[in-house]
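Subject: Structure handover

Hello,

Here is the structure I said I would pass on, with my notes below it. Please have it open while you read.

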Amino acid sequence: MISSRHLVFLQQVVVVLAAVAGALALPTDLYNQPSYKPAPMPYNYAYGVKDDYAGTDFGHNEDSDGSAVKGSYNVVLPDGRIQTVNYVADHYNGYQAQVSYKGEAQYPHEYGPPVTFKPQYQNSYQPQPSYQPQPSYQPQPSYS
């Protein structure tokens, strides 16, 4: 004969097993839809910056057919050389770069203060607040 305590325990075990079986029977995607992955989109872009006043000169271009990316970028280094990086990247081979330099490094024989550039545009308009803020409290002098 099974005691009432054992009967309650068996009922609880049956309920837990039924819940686990029901959870395992459910599909992982309740709507049975294939996962959406957008088709790869080809693109290309390029830009270049050359500012003789500030001494900056760099650029970048990149092309993609949707699965692989090819591009290059260049920059004028502080020592006067031009560094160019040509690269190819895809999901199989990863990022592969070839770095090259043009020119010869130039180091000055004289050292002095750093070269600074003054801004070309100076704003003469100084906005003023439309109200004069007043303190919301009156401080009392403290004497010791």
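Q98 counts as exposed, because its relative accessibility is 57% and the cut-off for exposed is over 50%. Please bear in mind that this is a predicted model. Q98 is found in strand 5, which covers residues 94-102. Apart from neighbours within four places in sequence, Q98 is in contact with T84, V85 and N86. For one of these, T84, the C-alpha to C-alpha distance to Q98 is 8.2 Å, with 14 residues of sequence separation.

The chain as a whole

The secondary structure of the protein chain consists of one helix and five strands. Along the sequence the pattern reads α-β-β-β-β-β, that is, the helix and then the strands. Of the 144 residues in the protein chain, 9% are buried. The accessible surface of the chain is about 13,800 Å², and carbon and sulfur atoms account for 58% of that surface. Taking contacts between residues at least 6 apart in sequence, 16% join residues at least 24 apart.

Strands 1 to 3

Strand 1 runs over residues 43-51 and strand 2 over residues 56-64. Strand 1 and strand 2 pair in the antiparallel sense, with nine bridges. In this pairing A46 stands opposite N61 of strand 2. The two strands form a hairpin with four residues between them, and G55, in the turn, has a positive phi of about 80 degrees.

Strand 2 also pairs with strand 3 (residues 68-76), again in the antiparallel sense, over seven bridges. Here H60 stands opposite Y73 of strand 3. The hairpin of strand 2 and strand 3 has three residues between the strands, and G66 takes a positive phi near 105 degrees.

S64

Is S64, in strand 2, buried or exposed? S64 is buried, because its relative accessible area is 10% and the cut-off for buried is under 20%. The side chain of S64 reaches the backbone oxygen of A68 at a distance of 3.2 Å. Leaving aside neighbours within four places in sequence, S64 is in contact with P42, Y43 and V69.

The nonpolar patch

Which residues form the nonpolar patch on the surface? They are Y43, Y45, Y47, V49 and F58, and together they have about 430 Å² of accessible area. Strand 1 supplies the largest share of the patch, with four residues. Y43, one of the patch residues, is also among the contacts of S64.

Y47 lies in strand 1. Its relative accessible area is 43%, so Y47 is partly exposed. That value is also over the 30% needed for a residue to be counted in a patch. As a general point, side chains in a regular strand alternate between the two faces of the sheet.

To recap, the places to look at are exposed Q98 in strand 5, buried S64 in strand 2, and the surface patch that draws four residues from strand 1.

Regards

Key. Residues are numbered from 1 along each chain as its sequence is written. This is a predicted model: local features need pLDDT of at least 70, side-chain atom pairs count only at pLDDT 80 or more; totals for chains, interfaces and linings use all residues. Side-chain values use heavy atoms; hydrogens and water are left out. Patches are made of residues with over 30% relative accessible area and no salt bridge: like charges are joined within 9 Å, nonpolar side chains (Val, Leu, Ile, Met, Phe, Trp, Tyr) within 5 Å. Accessible areas come from the Shrake-Rupley method with a 1.4 Å probe; for residues, only the protein chains shown count as cover. A salt bridge is a side-chain nitrogen of Lys or Arg within 4 Å of a carboxyl oxygen of Asp or Glu. Buried means under 20% relative accessible area, exposed over 50%, partly exposed in between (1.4 Å probe, protein chains only). A polar contact is a pair of N or O atoms within 3.5 Å; within protein, one must be able to donate a hydrogen and the other to accept it, and residues adjacent in sequence count only if both atoms are side-chain atoms. Contact means heavy atoms within 4.5 Å. Two strands pair if DSSP finds at least two bridges between them.
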